[in-house]
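Biologist: Please take a close look at the largest nonpolar core, and tell me which residues have the most contacts inside it.

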Amino acid sequence: MSAAAVEHPCDGEPEPLLAMANRLAEQNPGCRVEIIGGVITVAPPPDGSHANALTTLMIPFLAAGLHGQETRVLQGIGLWLPGGPEDYAIPDLSVVDADLDEHLIENNCYDPAVFRLVLEVTSSNYRSDLRNKVVTYAEAKIPVYVIVDRRHGRVHVLTEPMGGGYDNHEVYAPGQTVTLPESIGAPVTLDVDELIRAGRPRA
């Protein structure tokens, strides 16, 4: 993920970050535009292997009944962040309370209190997912943060958010399975080997 170079007129008040981000999103269809730590970032559209990993991930969440009356399993919805006045992120996948629509804050972004889990599948922006977003999601008190690290072939599960990070950080390799906390609404087990294979770029 790269920081966007944004120009604005020198006269008058500078353009608000949120307005800049929305303009960049309009100018770059398919890209993911976020404001994290007061910095606008623009990620290119994901590749097919990223999408394959994301679909493979959704299957156990759906099979567990998490897309129902109590919770919903959603891709690419905005998460309003407490780190700055206009900060927001767009996780690849989220498990949220079913009354999500009652917690809209601004700019199609929702209150972090309704997010039970956020998940990122890494692309070229893997450093942001593994570093910046760990801090960001912990500050937002997201209970469970899962990272499918395609570059290094691992799955990270972070729980117990504290200040600038998570108190519990487990790393899983191919051949292992991940059992997610039942606090997300139902027991879910992920096969690390299956996820890494799904996200591996095809030759």
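**The largest nonpolar core**

Modeller: In this predicted model, Leu-119 touches Leu-54, Leu-57, Phe-61, Pro-91, Asp-92, Leu-93 and Val-146, if residues up to four places away in sequence are not counted; contact here means heavy atoms within 4.5 Å. Residues are numbered from 1 along each chain as its sequence is written, and side-chain values use heavy atoms, without hydrogens and water. Local features need pLDDT of at least 70 and side-chain atom pairs count only at pLDDT 80 or more, whereas totals for chains, interfaces and linings use all residues.

Leu-119 is, with Phe-61, Leu-117 and Leu-180, among the residues with the most contacts inside the largest nonpolar core, which has 28 residues. Such a core is a set of buried Ala, Val, Leu, Ile, Met, Phe, Trp, Tyr and Cys residues joined through side-chain atoms within 4.5 Å, buried being under 20% relative accessible area with a 1.4 Å probe, protein chains only. At least two of its residues come from each of H2 (48–63), E7 (93–97), E10 (115–121), E11 (144–149), E12 (154–162), E14 (177–180), E15 (188–191) and H4 (192–198), where helices (H or I, at least four residues) and strands (E, at least two) are DSSP runs numbered from the N terminus. Helix H2 gives the largest share, five residues. Separate from this core is a second one of 20 residues, including Ile-77, Leu-79, Leu-100 and Val-114.

As for confidence, the protein chain has a mean pLDDT of 92, with 94% of its residues at 70 or more; pLDDT is the predictor's confidence in each residue, from 0 to 100. Over residues 1–9, however, pLDDT stays under 50, and the model has 26 contacts beyond four places in sequence for them.

How values were computed. Buried means under 20% relative accessible area, exposed over 50%, partly exposed in between (1.4 Å probe, protein chains only).
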